[in-house]
Amino acid sequence: MDDLRRIDLNLLLTLHALLAEQHVSRAALRLHRSQPAVSHALAQLREIFADPLLVRRGGRLQPTARALALAQPLQEALQQLDALLSSPGFDPARARRGFRLAMSDYGARVVLPPLMRSLREEAPGIDLVVTQGSREAMLSQLMDGEVDLALGVFPDLAVPLCAETLFEETFACLADRDTLPARGGLELAEWLARPHVLVAVRPGADNEIDLALAALGVQRRVALALPHWTAATEVLAGTDLLLTVARRSLSRPPRRLRCFPPPLPIRAFAFQQAWHERREGDAAHRWLRGQVMRACLLEPAVS
């Protein structure tokens with residue numbers, strides 16, 4: 001008990017954050033404290049444990065053997081304290097809180113309408129701020145604590161980031177009705193002969209459609225590349241342009257346009273929500289993830 005009098009709970013929380021983030025600025029953000037305060041706490045911890053705990057190697061902080069030995073018992077002790085002191089739960093109807101989400105234009109189009117209807121009915125005090133960025137930018141924002149949840153395609157996540165699949169997405173084509181056969185879609189040769197629209201934040205990056213074409217040894221001509229889903233559908237009317245995109249983004253195509261299956265197999269992809277493990281103990285965050293999952297189950301039909 002004498003040793004316990006030498007250290008307070010805030011120092012243990014700081015040590016836990018430093019071991020998880022291995023970065024003073026990110027630990028400060030996680031703890032809602034200033035960077036100098038966290039640096040001062042680290043100096044105190046080094047004195048208490050008679051060990052440097054974190055040492056700088058190759059431009060980043062690495063835990064010492066003593067710090068690694070402390071990590072698991074510290075995690076267990078804090079979980080027990082959290083269970084002892086935690087509030088009964090999260091009441092969405094009475095909550096007043098904001099969340100920061102990152103997603104593409106596609107994610108916003110598919111997820112936000114049903115999600116916002118749910119929030120307005122069940123949790124009117126919950127506010128959302130949505131930002132857009134590349135996959136790499138969203139993951140960096142999760143690491144740095146700039147966003148609470150990211151929605152997108154994240155095939156190679158590593159600790160400390162977590163993810164769950166919201167749905168498996170397939171593809172559909174869209175074109176002006178007057179340029180299509182009376183029934184059905186197009187054969188591959190006809191499809192390749194037409195100019196295409198590509199929706200991409202970075203047009204030069206690999207995408208599932210062109211990877212599928214490369215596997216067949218063929219290419220398509222992209223006459224227009226742009227990052228906006230809505231504009232991509234609006235430019236099709238009155239032209240011979242084709243658009244091949246994720247099927248859920250075409251839930252309500254304009255009347256003059258028609259959807260049809262792609263004339264080649266295109267690999268489906270998993271659309272996911274990702275978060276930092278620091279949010280695991282947050283009941284409100286778990287509730288929000290459940291609402292996002294439920295919103296994705298309300299799949300619109302493609303006409």
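**Close-up views around strand β12**

**View 1. Gly152 and its partner across the strands.** In this predicted model, G152 stands opposite Q272, a residue of strand β12. The strand that pairs here with β12 is β5 (residues 149-152), and the two run antiparallel, joined by three bridges. Strand β12 itself is mostly covered, with seven of its eight residues buried.

**View 2. Strand β6 beside strand β12.** Strands β6 and β12 also pair in the antiparallel sense, over eight bridges. Within this pairing, F167 stands opposite F271 of β12. In a regular strand the side chains alternate between the two faces of the sheet.

**View 3. An edge-to-face pair of rings.** A pair of aromatic rings is described by the distance of the centres and the angle of the planes. The structure holds four aromatic pairs. In one of them, the ring centres of Y106 and F271 lie 5.3 Å apart and the planes stand at 90 degrees; because planes over 60 degrees apart count as edge-to-face, the pair is given that name. This contact links distant parts of the chain, for Y106 belongs to helix α5 (residues 105-122) and F271 to strand β12 (residues 269-276), 165 residues apart. Are these two residues buried or exposed? Both Y106 and F271 are buried.

**View 4. A stacked pair that shares Phe271.** The rings of F167 and F271 have centres 5.1 Å apart and planes at 20 degrees, so this pair is stacked. Here too, distant parts of the chain are linked: F167 lies in strand β6 (residues 161-169) and F271 in strand β12, with their positions 104 residues apart in numbering. F167 is buried, as is F271. Through ring pairs, Y106, F167 and F271 are linked into a cluster.

**View 5. Arginine side chains over aromatic rings.** Which residue lies over the face of F167? The residue is R248, at 3.7 Å from the ring centre. In a second arrangement of this kind, R289 lies over the face of W275, at 3.9 Å from the ring centre.

**View 6. The domains of the chain.** The domain assignment divides the protein chain into domain 1 (1-85), domain 2 (92-167 + 271-297) and domain 3 (171-267). Domain 2 is thus written as two segments, 92-167 and 271-297. The centres of domain 1 and domain 3, taken over C-alpha atoms, are separated by 52 Å.

How values were computed:
Residues are numbered from 1 along each chain as its sequence is written. This is a predicted model: local features need pLDDT of at least 70, side-chain atom pairs count only at pLDDT 80 or more; totals for chains, interfaces and linings use all residues. Side-chain values use heavy atoms; hydrogens and water are left out. Domain bounds come from an automatic or database domain assignment. Rings of Phe, Tyr and Trp (its six-membered ring) pair if their centres lie within 6.5 Å; planes under 30 degrees apart count as stacked, over 60 as edge-to-face and the rest as tilted. Helices (H or I, at least four residues) and strands (E, at least two) are DSSP runs, numbered from the N terminus. Buried means under 20% relative accessible area, exposed over 50%, partly exposed in between (1.4 Å probe, protein chains only). A charge sits over a ring if NZ of Lys or CZ of Arg is within 6 Å of the ring centre and within 35 degrees of the ring normal. Two strands pair if DSSP finds at least two bridges between them.
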